Amino acid sequence: MEINNIQICNVCMRSSEESKGTVFIKAVQNGEEIHVCTSCIPHIIHGSGDVVKSNATVAAEFQQ
Ligand SMILES: [Zn+2]
């Protein structure tokens, strides 16, 4: 997801602020736009969407 122009991985919660140069893939889950960093992409491709956190979950954890 994206907060204040910072991308956060919906799987591992890595942010573009803490990890410069990280590539994020924009995707859609349940109609919600999500972001996934490249190191988490295999988990989704070979696994399932179960590892993806909702934007509400990521936002709640990120604000802490
Ligand atoms: Zn990730």
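The count of salt bridges in this predicted model comes to one. That salt bridge joins Lys26 to Glu33, whose closest N and O atoms are 3.8 Å apart, a separation that falls inside the limit of 4 Å applied to such pairs. Elsewhere in the model, a zinc ion is coordinated by the SG atoms of Cys9, Cys12, Cys37 and Cys40, and two separate nonpolar cores can be described, one of eight residues and a second of seven.

**The salt bridge and its surroundings**

- Side chains of opposite charge can pair when their charged atoms come close.
- Of the two partners, Lys26 counts as exposed because its relative accessibility is 56%, whereas Glu33, at 45% relative accessibility, counts as partly exposed.
- Glu33 also takes part in a polar contact through its backbone, since the side chain of Asn55 reaches the backbone oxygen of Glu33 at 3.0 Å.
- Asn55 is found in helix α2, which covers residues 55-62, and with a relative accessibility of 14% it counts as buried.
- Leaving aside neighbours within four places in sequence, Asn55 is in contact with Met1, Asn10, Glu32, Glu33 and Ile34.

**The zinc site**

- The four coordinating SG atoms, from Cys9, Cys12, Cys37 and Cys40, are placed at 2.3 Å from the zinc ion, and along the sequence the donor residues follow the spacing C-x2-C-x24-C-x2-C.
- The arrangement around the zinc ion is tetrahedral, because the angles subtended by the four donor atoms run from 105 to 114° and every angle must lie between 85 and 135 degrees for that assignment.
- For reference, the ideal angle for four tetrahedral donors at a metal is 109.5 degrees.
- Cys9 counts as buried, given its relative accessibility of 0%, whereas Cys12, at 38% relative accessibility, counts as partly exposed.
- Cys12 is found in the loop between β2 and β3, and, with neighbours within four places in sequence left aside, Cys12 is in contact with Cys37 and Cys40.
- Although Cys12 and Cys37 are 25 residues apart along the chain, their C-alpha atoms are separated by 8.2 Å.

**Nonpolar cores**

- In soluble globular proteins, nonpolar side chains tend to be buried together.
- The largest nonpolar core here consists of eight residues, namely Cys9, Val11, Phe24, Ile34, Val36, Cys37, Cys40 and Val52.
- Strand β4 (residues 32-37) supplies the largest share of this core, with three residues.
- A second core, separate from the one just described, has seven residues, among them Met1, Ile3, Ile6 and Met13.
- Ile34, a member of the largest core, touches Met1, Asn10, Ile25, Lys26, Ala27, Val28, Gln29, Val52 and Asn55 when residues up to four places away in sequence are not counted.
- Ile41 lies in helix α1, residues 41-46, and is in contact with Ile25 and Val36 once neighbours within four places in sequence are left aside.

**Loops and backbone angles**

- Asn4 has a positive phi, near 50°, in a residue other than glycine, and its place is in the loop between β1 (2-3) and β2 (6-7).
- Asn4 is exposed, as its relative accessible area of 71% indicates, and its C-alpha atom is separated by 23 Å from that of Ile41, which is 37 residues away along the chain.
- Met13 likewise has a positive phi, about 65°, although it is not a glycine; Met13 is found in the loop between β2 and β3 (24-29).
- In contrast to the exposed Asn4, Met13 counts as buried because its relative accessibility is 15%.
- Thr22 also has its place in the loop between β2 and β3, where its side chain reaches the backbone oxygen of Ser19 at 2.9 Å.
- With residues up to four places away in sequence not counted, Thr22 touches Arg14 and Cys37, the latter being one of the zinc donors.

Technical notes:
Residues are numbered from 1 along each chain as its sequence is written. This is a predicted model: local features need pLDDT of at least 70, side-chain atom pairs count only at pLDDT 80 or more; totals for chains, interfaces and linings use all residues. Side-chain values use heavy atoms; hydrogens and water are left out. Donors are N, O and S atoms within 2.8 Å of the metal (3.2 Å for Na, K and Ca); water is not among the atoms, so sites may look incomplete. Four donors count as tetrahedral if all angles lie between 85 and 135 degrees; four count as square planar and six as octahedral if opposite donors are over 155 degrees apart and all others between 65 and 115; anything else is irregular. Buried means under 20% relative accessible area, exposed over 50%, partly exposed in between (1.4 Å probe, protein chains only). A nonpolar core is a set of buried Ala, Val, Leu, Ile, Met, Phe, Trp, Tyr and Cys residues joined through side-chain atoms within 4.5 Å. Helices (H or I, at least four residues) and strands (E, at least two) are DSSP runs, numbered from the N terminus. Contact means heavy atoms within 4.5 Å. A polar contact is a pair of N or O atoms within 3.5 Å; within protein, one must be able to donate a hydrogen and the other to accept it, and residues adjacent in sequence count only if both atoms are side-chain atoms. A salt bridge is a side-chain nitrogen of Lys or Arg within 4 Å of a carboxyl oxygen of Asp or Glu.
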